[in-house]
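Please open the structure in a viewer and keep the selection tool at hand. The tour proceeds by selections, each followed by a description of what is found there.

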Amino acid sequence: MSLEVQEVLCQEQSKYQSILVFKSKTFGNVLVLDGAIQCTERDEFAYHESLTHIPLFSHPDPKKVLVVGGGDGGMVREVLKHKCVESVHLCEIDEQVVVVSKRYLPHLTSGLSDPRLQIHFQDGMEYIDAHHNEFDVIITDAPDPVGPAVCLFQKDYFARVKLALKPGGLMCLQAECQWLHLDFIKKTLGSIRDLFPVVKYGFASVPSYPSGQLGFIVASTSQGTVLDEPLRKVTELESKEMKLRYYTPEVHRSAFSLPCFAKEVLDEKL
């Protein structure tokens, strides 16, 4: 995937990473961290709606939600569309990502001024360690598992997330592409399955990501949770009110329908 750059809008080095925003010819403004595309104005909704609404609509009554990472604001924007949600906590280690996103990606950051939101600029693992048994849903919006983000894909992190969830709580995290990272996905699934009784890998179509797909893993602390069937179904009217552009109950179900080559590998026991 290549994008034609019309104009570089921002290029700087924060304390943690390089940050680039450029205006592309066909995908609008594009956020790039450490050389990897994080989101584009044209297709960001597919990624953010999938990682948000699939776990939230799989929970009977999510009231308190934590987003780890996600300083661009897209996950928060989608979480806040759920009227049942009473509070959202965004834990982002790099404050400059939020600053840059507010300036160049205002459509994504529209929820950052909501009174239900609290923003914490600190390490995600440290924050989770201080908040046991607090959250109904925890979404980890991590970049690729390289550099500082590696810790967010390890078993120790998943164990900490489990402790921060209430009984019946769900976690969801970005989990790479089945076409390119199948061994990594299998290993990550194995770590999570050791901790959570119900775990599934799904994917969304996101043209600006490698191979046009991005995967995610959803897990529940409750044995009775059914992840591939929405517990709360959004009506057509609610969908319009929430301004959904990707998520539907049908998309929710189909997200977990894997092709044979991936299903055979990911269903194997490690």
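Begin by selecting leucine 31 together with cysteine 39: leucine 31 stands opposite cysteine 39, which belongs to β4. The model is a predicted one.

**The open sheet**

Extend the selection to strand β3, residues 29–33, and to β4; the two strands run antiparallel and are joined by four bridges. Within this pairing, valine 32 faces isoleucine 37 of β4. The hairpin formed by β3 and β4 has two residues between the strands, and aspartate 34 takes a positive phi near 50° there.

Next, add strand β2, residues 18–24. Five bridges pair β2 with β3 in the antiparallel sense. Among the residues to display is phenylalanine 22, whose bridge partner in β3 is valine 30. β2 and β3 also form a hairpin, here with four residues between the strands, and glycine 28 in the turn has a positive phi of about 70°.

Now colour β3 by accessibility. Is this strand mostly covered or uncovered? It is mostly covered, since five of its five residues are buried, that is, under 20% relative accessible area. Asn29, Leu31 and Leu33 point one way from the strand, whereas Val30 and Val32 point the other way; all are buried.

Zoom out to the whole sheet. Four strands make up an open sheet in the order β1-β2-β3-β4, with antiparallel pairing. Its edges are β1 (5–13) and β4 (36–40), each of which pairs on one side only. From one strand to the next, the twist averages 25°.

**Strand β8 and its partners**

Select β8, residues 135–141, the strand in which aspartate 141 is located. β8 is mostly covered, with seven of its seven residues buried. Aspartate 141 counts as buried at 10% relative accessibility.

Display strand β5, residues 64–69, which pairs with β8 in the parallel sense over five bridges. Then display β9, which runs parallel to β8 and is joined to it by five bridges. Threonine 140 of β8 is a useful point of orientation: valine 68 stands opposite threonine 140, and the bridge partner of threonine 140 in β9 is leucine 173.

From aspartate 141, draw a distance to threonine 52. The two C-alpha atoms are separated by 9.9 Å, while the residues are 89 apart along the chain.

**Salt bridges**

How many salt bridges does the structure hold? It holds 15. Three of these pairs merit individual selection.

Start with arginine 77 and glutamate 44, whose side chains meet in a salt bridge of 2.9 Å, N to O. Arginine 77 lies in helix α2 (residues 74–79) and glutamate 44 in helix α1 (residues 44–57), so the pair ties together parts 33 residues apart in sequence. Both arginine 77 and glutamate 44 are buried. Widen the selection to Glu44, Arg77, Glu78 and Lys81, which are linked in a network of salt bridges.

Move to lysine 63 and glutamate 86, where the side chains form a salt bridge of 3.5 Å, N to O. This pair links distant parts of the chain, 23 residues apart: lysine 63 is in the loop between α1 and β5, and glutamate 86 is in the loop between α2 and β6 (87–91). Lysine 63 is partly exposed at a relative accessible area of 31%, whereas glutamate 86 counts as exposed at 53%.

Then select lysine 155 and aspartate 194, a salt bridge in which the closest N and O atoms are 3.0 Å apart. Because lysine 155 lies in helix α5 (residues 155–164) and aspartate 194 in the loop between α6 and β10 (198–205), the pair ties together parts 39 residues apart in sequence. Lysine 155 is partly exposed, at 38% relative accessibility, and aspartate 194 is exposed, at 55%.

**A nonpolar surface patch**

Switch to a surface representation and select Trp179, Leu180 and Phe261. These residues form a nonpolar patch on the surface, with about 320 Å² of accessible area together. Leucine 180 is found in the loop between β9 (165–174) and α6 (182–193) and is partly exposed, with a relative accessible area of 48%.

**The cysteines**

Finally, select the cysteine sulfur atoms. How many disulfides does the structure hold? It holds zero. For cysteine 172, the closest cysteine sulfur is that of cysteine 177, 16 Å away, which is too far for a bond. Cysteine 260 is likewise in no disulfide, and the nearest cysteine sulfur, that of cysteine 177, is 17 Å away. Cysteine 172 is buried, with a relative accessible area of 0%, whereas cysteine 260 is exposed, with 59%.

How values were computed. Residues are numbered from 1 along each chain as its sequence is written. This is a predicted model: local features need pLDDT of at least 70, side-chain atom pairs count only at pLDDT 80 or more; totals for chains, interfaces and linings use all residues. Side-chain values use heavy atoms; hydrogens and water are left out. A disulfide is a pair of cysteine sulfur atoms within 2.5 Å. Buried means under 20% relative accessible area, exposed over 50%, partly exposed in between (1.4 Å probe, protein chains only). Two strands pair if DSSP finds at least two bridges between them. Axes are lines fitted to C-alpha atoms, for helices over the stretch in contact, and angles run from 0 to 180 degrees between N-to-C directions. Patches are made of residues with over 30% relative accessible area and no salt bridge: like charges are joined within 9 Å, nonpolar side chains (Val, Leu, Ile, Met, Phe, Trp, Tyr) within 5 Å. Accessible areas come from the Shrake-Rupley method with a 1.4 Å probe; for residues, only the protein chains shown count as cover. A salt bridge is a side-chain nitrogen of Lys or Arg within 4 Å of a carboxyl oxygen of Asp or Glu.
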